[in-house]
Structures are given as structure tokens and as C-alpha cells.
Amino acid sequence: MGMSEFYSGRDDVESLATIHAALDAGVTFLDTADMYGPFVNEELVGRAIADRRDEVTLATKFGNERGVDGSFVRVNGTPDYVRSACDASLRRLKVDVIDLYYQHRVDRTVPVEETWGAMKELVDAGKVRHLGISEASAATLERAHQVHPVTAIQSEYSLWTRDPEDGVLATCRRLGIGFVAYSPLGRGFLTANDAARTPADSSDYRNYSPRFVGEAKVANEALVAKLAEFASGKGITLAQLSLAWVMAQGHDVVPIPGTKRRQWLAENIAASDVILTAEELAQVSALVPRDAVAGERYPSFSMGTVNV
């Protein structure tokens, strides 16, 4: 996402180099969406994997409908839109099949069974291999799973966003659904990158995130300072600690840190070698209690599209 929109700066040359470096390092799971850019991130990923398609498990999403001018149209889960969005993603990615196709947000005006009926048709047609959903409640997850097996749910999960622990993770484990954790680094807040906590570009989405502004930012920086001290004592970076904590929540939990630079890519990959003992996990969790994080994770105008 950040390679094409929402975060300060865009550099397609560095982004392509980062994706190639990830593949060279053994990363196999790439995640994009039609709304990123909009549309151009799928094209970027498509260029990056043009001669390496077999190395990649490719995921993309539909549901956040946007206009060509970048405007946000609506959350759209109508069957006709499912079909047209998939065809458009296949064209932009320049692939014959999408490995994992997510419903990016749940449309409150369309029963999830109708949306998933159309998604199942995509599997039957050979356009999609597996289906997923994002930011869905446990109840919605169950309903979708009755129409077609849900391979994965993608929702925000990190040291400062623990919402999936309120039923969604348990539902995933009961039904055999994988959990993909997006923003495992708190949109950069849970790293040592000071610039990520104070975006310089007025177009940066984080300028409107409640956790990044005002008194909430000050309170959250105090929490991060405690984590940074713990990480330093263990000889790892704050980002590596944050990622290691997410990965330690279960083998079925896969974080997707969305770096757009090779420098941070190498740091993130190294987190997979970090082992946290049960005692350390308890200590880290105690440093950031769930109710200690200040601010909602999304602006008020976005909160209505999550946990539906």
C-alpha cells in the first residue's frame, strides 16, 4: 500500500527494487489491493513479478470502490462488482489467476452470502485459487465460511491493536482459517523511525490517524519508549521486537509489514529469527496493556467499515 499511496513519498524504482530484494531473500507472499493508488499498486506488483510469477503467492483485494480520480465511491460487495473488479485486477497484475482474493471491506448493504456466492464463482471459473476477507467480525466470518471455505482473514493486529483477540482468532482456529496481520508495526509507530511518527507530507494518511496526533501521540510515544528499551536490552530493533511478538501469537498468524525501502526490508526479515520466551512475551505485553494505547486506530469516518 505504502509504495503507491497514503504514506509520504513515492518511488517506483526503489519499490520495484524492494520487491525484487524480498523475492531474492525468500519472501514468497505479496499483498496488494485495487484501491492502492488507486489501481497503480497492482500494476507495480505485476511488473515486479512479471518473470517470477511462480515464486509468489499473490494476494489482492476488492471492495473499496474508487474512481479513476482517486475519489472514494463506496464499499461495494455487489456480485456484479465482484466479477468486474476481479477481471480488472487480473488485467493490471497481468496474471491468469490470483492466489488469494480478499473481500477488502464488508458491504453493510449486501448480505455477505451474496458477495461470497460471486466470489465462489471466481474460484469455479479458475480466476481465483483461494478466498479471504478483511476486517470482518467473527459472526460474518462464520457466514462467509458457510458459502465457501475462508482461507484467510486479514485484519489489523499488533502490540497496540489487539481487537482480533476478542473472538476472531478463536473463530479462525476453530474453522482452520489463517490470520494475516496487517500494520503489524502500527503504521510505522512501533519502529525506531522517528519520521514515521511525525509525517512531513501533509498528504500522509497518518496525519489524520487519532493515534498519531495530539495528546494521544505523546502518550503512545511513552509506550514505545518502553518497548525500545526492552528491544535494546535484547540486542534487536524495536521493529524486530514488534514483529516477533506478532509471529509468536501462533503459527497461523502471518504479519505483512509493508515496507517500501530495502533498508527496512532487511531489518524486518531478520525478525523471523528472533525468539521470545514465554516470560519475555509476558513482559512485552505488560509494557503495552490493551487499554493503555491512546486513540482509535482509524479516523471516525473510517471506523464504520471495520469489524462488520
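In this predicted model, Cys86 is fully tucked away from the surface in terms of its relative accessible area, which is 0%, and is therefore classed as buried. Cys172 is buried as well, because its relative accessibility comes to 1%, and the cut-off for this class is under 20%. As for links between cysteines, the number of disulfides found is 0.

The buried interior can next be viewed through its nonpolar cores. The largest nonpolar core holds 67 residues, and the members that touch the most other members are Tyr101, Ile133, Ile153 and Phe179. Separate from this core is a second one, made up of 15 residues, with Ala152, Tyr182, Tyr205 and Val306 among them.

Ile133 offers a helpful place to look at the surroundings of a single residue. Once neighbours within four places in sequence are set aside, the contacts of Ile133 include the aromatic-named pair Tyr102 and Trp116, along with Val106, Val112, Leu141, Ala144, Val150, Ala152 and Ile153. Gln103, Thr140 and Gln154 are also in contact with Ile133.

Where, then, is empty space left inside? Rolling a probe the size of a water molecule over the atoms reveals such space. The search gives 1 cavity of 30 Å³ or more, and the largest cavity contains about 40 Å³ of space. Its lining is formed by Trp160, Leu190, Asn220, Leu223, Val224, Leu227, Val288 and Val293. By type, the lining of the largest cavity comprises 7 nonpolar residues and 1 polar residue, with no charged residues.

Technical notes: Residues numbered from 1 in each chain as written. Predicted model: local features only at pLDDT ≥ 70, side-chain atom pairs only at ≥ 80, totals over all residues. Heavy atoms only, no water. 1 Å grid on protein atoms, 1.4 Å probe; cavity = no way out; pocket = protein on both sides within 12 Å on 5 of 7 lines; lining within 4 Å. Points joined across faces, edges and corners; volume = space filled by probe spheres on them. Nonpolar A, V, L, I, M, F, W, Y, C, P; charged D, E, K, R; others polar. Disulfide = S-S within 2.5 Å. Buried < 20%, exposed > 50% of the residue type's maximum accessible area, 1.4 Å probe, protein only. Core = buried A, V, L, I, M, F, W, Y, C linked by side-chain atoms within 4.5 Å. Contact = heavy atoms within 4.5 Å.
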